[in-house]
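Hello,

Here is the structure I promised to pass on to you. Have a look at it first, and my notes on what turned up follow just below.

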Amino acid sequence: MSERYALVTGASTGMGRATVLRLAADGYRVFAGVRKEADGQALVRDAAGRGDVIPVMLDVTDAGQIAAAVETVTARVGDAGLAALVNNAGVGIFGPLELAPLESIRQQFEVNVTGQVAVTQAFLPLLRKTHGRIVMIGSIGDRAAMPFGEPLGASKAAIALMAEALRQELAPWDVKVILIRPASIQTEAVDKFEADAEKAIASFTDEGRALYADTYRRMVTAALPRLRRGSSPDVVADTIAGVLAARRPRTRYLVGKDSRRLAALSAVLPDRAFDAIRRRLFDLPAPGSLARESYRGTS
């Protein structure tokens, strides 16, 4: 086939945007899944002279938009099919699990898990035509859970398990499924994480603030410098480009600063030893250190 088509979800910013531009430069005709027309137009402008980008309105939680995207892509690719699907769309909420609004957790999984399944189901007929590849964007968090970083990490752990199951289920059709596990990546989400920290604390109950406000602020302060020194989203895009070009890609890839170190530590250290390292990294209180403290509402 002379033309290769790829679809990238969550393409407006960060890793998704970098992947769209890299694949377009590599000669793919890239469908960029966005939720705002302005973001799609910006991608087209940025890709001008480098490759072909076709914006597609695609909220992965909207069945109507998914169906419309399938019609658009099918009409464009014809018998050429779809060579690659990059499931990148995702959102993240942060804070103590004890205080996390259940509706926010449901929305987290609706976007990060159910939405990925819905898009994969919808585009598999086009992927089978080319023996195409599905790239799932997970996280090192499925190997090394970070305090206050769940349920984002929990949703990514679900993605990792689904990628493993899909890899086996789709192997008879030679549709390969590859999991990308980024660690520290410098994206717009880092600034949002900082901006949203005080908003999150303000949303805690009085009792919740007494329990967690100081610890959460300390964690954010400790984490931000490391996050700001993270790898460029381009390292993820480069890895995905390599995955699509490889004759026999690996099933999993670790990407970004600290990814291999965290994976190795989680594999060899006892849980309590790894917990101690994470407490130091995030400036968290020692075990038992708050056990005698009281807070409003207790006797």
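A cluster of rings is a good place to begin: ring pairs link Phe-148, Phe-204, Tyr-212 and Tyr-216. Please keep in mind throughout that this is a predicted model.

**The aromatic pairs**

The structure has four aromatic pairs in total. One of them is formed by Tyr-5 and Phe-31, which are stacked, with 5.9 Å from centre to centre and 25 degrees between the planes. Tyr-5 belongs to strand S1 and Phe-31 to strand S2 (residues 29-34), so this pair ties together parts that are 26 residues apart in sequence. Both Tyr-5 and Phe-31 are buried.

Phe-148 and Tyr-216 meet in another way: their ring centres are 5.4 Å apart and their planes stand at 75 degrees, so the pair is edge-to-face. This pair links distant parts of the chain, 68 residues apart, with Phe-148 in the loop between S5 and helix H5 (152-170) and Tyr-216 in helix H7 (residues 206-228). Are these two residues buried or exposed? Phe-148 has a relative accessible area of 13%, so it is buried. Tyr-216 is at 2% relative accessibility and therefore counts as buried.

Rings also take part in contacts with charged side chains. The charged end of Arg-4 sits over the ring of Tyr-28, 4.0 Å from its centre. Likewise, Arg-128 lies over the face of Trp-173, and here the distance to the ring centre is 4.3 Å.

**Strand S1 and its neighbours**

It helps to have one general point in mind here. In a regular strand, side chains alternate between the two faces of the sheet. In S1, both faces are covered: Tyr-5 and Leu-7 are buried on one side, and Ala-6 and Val-8 are buried on the other.

Which strands does S1 (residues 5-8) pair with? S1 and S2 pair in the parallel sense over four bridges, and Ala-6 has Val-30 in S2 as its bridge partner. From S1 the chain crosses through H1 to S2, in a β-α-β crossover that is right-handed. S1 is also joined to S4 by three bridges, and these two strands run parallel. Across that pairing, Leu-7 stands opposite Leu-85 and Val-8 stands opposite Val-86.

**Helix H1**

The helix in that crossover, H1 (residues 14-25), has 12 residues, which at 1.5 Å a residue should span 16 Å; its end C-alpha atoms are 17 Å apart, which agrees. How many of its 12 residues are buried? Nine are, so to speak, under cover, and H1 is mostly covered. Among the buried residues are Met-15, Ala-18, Val-20, Leu-21 and Leu-23. Just after H1 comes Gly-27, which takes a positive phi of about 105 degrees.

**Strand S4, helix H4 and strand S5**

S4 (residues 84-87) is covered on both faces, with Ala-84 and Val-86 buried on one side and Leu-85 and Asn-87 buried on the other. Besides its pairing with S1, S4 is joined to strand S5 (residues 133-137) by four bridges, again in a parallel arrangement. Within this pairing, Asn-87 stands opposite Met-136. S4, H4 and S5 together make a right-handed β-α-β unit.

Thr-130 is worth finding while you are in this part of the model. Thr-130 is in helix H4 (residues 102-130), and at 15% relative accessibility it counts as buried. What does its side chain reach? The side chain of Thr-130 comes to 2.7 Å from the backbone oxygen of Leu-82.

**One more residue**

Finally, take a look at Lys-176, which lies in strand S6 (residues 176-182). With a relative accessibility of 27%, Lys-176 counts as partly exposed. Lys-176 and Ala-163 are 13 residues apart in sequence, and their C-alpha atoms are 9.8 Å apart in space.

If you want a route through the model, start from the stacked pair of Tyr-5 and Phe-31, follow the crossover from S1 through H1 to S2, and then move on to the unit made by S4, H4 and S5.

Best wishes

Note on methods
Residues numbered from 1 in each chain as written. Predicted model: local features only at pLDDT ≥ 70, side-chain atom pairs only at ≥ 80, totals over all residues. Heavy atoms only, no water. Buried < 20%, exposed > 50% of the residue type's maximum accessible area, 1.4 Å probe, protein only. Polar contact = N/O pair within 3.5 Å; in protein donor to acceptor, adjacent residues only side chain to side chain. Pairing = 2+ DSSP bridges. Right-handed = clockwise from strand over helix to strand, strands pointing away. Expected span 1.5 Å × (residues − 1). Phe/Tyr/Trp six-rings, centres within 6.5 Å; stacked < 30°, edge-to-face > 60°. Lys NZ or Arg CZ within 6 Å of the ring centre and 35° of its normal.
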